[in-house]
Amino acid sequence: MNQINPKKLLLSKWTSTSPQKKEKHFLVTGLIRDDQEIITQCVIEAVLTHTQYTIPWQDLKSPDHWKQGWQ
């Protein structure tokens, strides 16, 4: 399991272990918070295509799908 501090998530780099559409490297470009200012989701952007996706930030903890950094 990847260790993640949600406060340091913004602008972090991630590598998908199962790339789709040649999108392998991602950058966290935004954080979505609830009414209590708790981070619930993050916006990741593919480096190659600049396509943005919104995912629950906890998904990045799964080593089966994500690796920290660009590898």
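Student: Which residue in the turn between β2 and β3 has a positive phi?

Tutor: That's Glu37, at about 65°. Keep in mind that this is a predicted model. The turn belongs to a hairpin of β2 and β3, with five residues between the two strands.

Student: How many bridges join β2 to β3?

Tutor: Seven, and the two strands run antiparallel. If you want one rung to look at, take Ile32, whose bridge partner in β3 is Gln41.

Student: How do I read the sheet as a whole, and what is the order of its strands?

Tutor: Start with the general idea: strands of a sheet pair through backbone hydrogen bonds, either parallel or antiparallel. In this structure five strands form an open sheet in the order β4-β3-β2-β1-β5, with antiparallel pairing.

Student: Which are the edge strands?

Tutor: β4 and β5, as each of them pairs on one side only. Going from one strand to the next, the twist averages 35°.

Student: What about β3, how many of its residues are buried?

Tutor: Six of the eight residues in β3 (residues 39–46) are buried, so this strand is largely enclosed by the rest of the structure. β3 also pairs with β4, in the antiparallel sense, over five bridges. Cys42 is a handy spot to look at, with Ile55 as its bridge partner in β4.

Student: Where is the positive phi in the β3–β4 turn?

Tutor: At His50, with a phi of about 65°. β3 and β4 form a hairpin too, with five residues between them.

Student: And how many residues lie between β1 and β2 in their hairpin?

Tutor: Two, and Lys21 in that turn has a positive phi of about 55°. Four bridges join β1 to β2, and the strands run antiparallel. Within that pairing, Trp14 stands opposite Phe26 in β2.

Student: What does β1 do with β5, and how many bridges join them?

Tutor: Three bridges, again with the strands antiparallel. Ser16 has Trp66 as its bridge partner in β5, while Trp14 is partnered there by Gln68.

Student: Let's turn to side chains. How many aromatic pairs are there?

Tutor: A general idea helps first: in a regular strand the side chains alternate between the two faces of the sheet. For the rings, you check centre distance and plane angle: centres within 6.5 Å make a pair, and planes over 60 degrees apart make it edge-to-face. By this rule the count comes to two aromatic pairs. In one of them, the rings of Phe26 and Tyr53 have centres 6.3 Å apart and planes at 65°, so the pair is edge-to-face.

Student: Why does that pair tie together parts that are apart in sequence?

Tutor: Because Phe26 lies in strand β2 (residues 23–33) and Tyr53 in strand β4 (residues 52–56), the pair ties together parts that are 27 residues apart in sequence.

Student: Is Phe26 buried or exposed?

Tutor: Phe26 counts as buried, at 6% relative accessibility. Tyr53 counts as partly exposed, at 29%.

Student: How are Phe26 and Trp66 arranged as an aromatic pair?

Tutor: They are edge-to-face, with 5.3 Å from centre to centre and 80° between the planes. Phe26 lies in β2 and Trp66 in β5 (residues 66–68), so this pair ties together parts that are 40 residues apart in sequence. Both Phe26 and Trp66 are buried. Put the ring pairs together and you get a cluster of Phe26, Tyr53 and Trp66.

Student: Which residue lies over the face of Trp70?

Tutor: Lys13, at 4.6 Å from the ring centre.

Student: What does Ser12 touch?

Tutor: Leaving out residues up to four places away in sequence, Ser12 touches Phe26, Leu27 and Val28. Ser12 sits in the segment before β1 (13–20) and counts as buried at 16% relative accessibility. Its side chain reaches the backbone oxygen of Leu9 at 2.6 Å.

Student: One last stop: where is Pro63 found?

Tutor: In the loop between β4 and β5. Pro63 is partly exposed, with a relative accessible area of 42%. Its C-alpha atom is separated by 8.2 Å from that of Thr17, 46 residues apart along the chain. Not counting residues up to four places away in sequence, Pro63 touches Met1, Asn2 and Thr17.

Technical notes. Residues are numbered from 1 along each chain as its sequence is written. This is a predicted model: local features need pLDDT of at least 70, side-chain atom pairs count only at pLDDT 80 or more; totals for chains, interfaces and linings use all residues. Side-chain values use heavy atoms; hydrogens and water are left out. Rings of Phe, Tyr and Trp (its six-membered ring) pair if their centres lie within 6.5 Å; planes under 30 degrees apart count as stacked, over 60 as edge-to-face and the rest as tilted. Buried means under 20% relative accessible area, exposed over 50%, partly exposed in between (1.4 Å probe, protein chains only). A charge sits over a ring if NZ of Lys or CZ of Arg is within 6 Å of the ring centre and within 35 degrees of the ring normal. A polar contact is a pair of N or O atoms within 3.5 Å; within protein, one must be able to donate a hydrogen and the other to accept it, and residues adjacent in sequence count only if both atoms are side-chain atoms. Contact means heavy atoms within 4.5 Å. Two strands pair if DSSP finds at least two bridges between them. Axes are lines fitted to C-alpha atoms, for helices over the stretch in contact, and angles run from 0 to 180 degrees between N-to-C directions.
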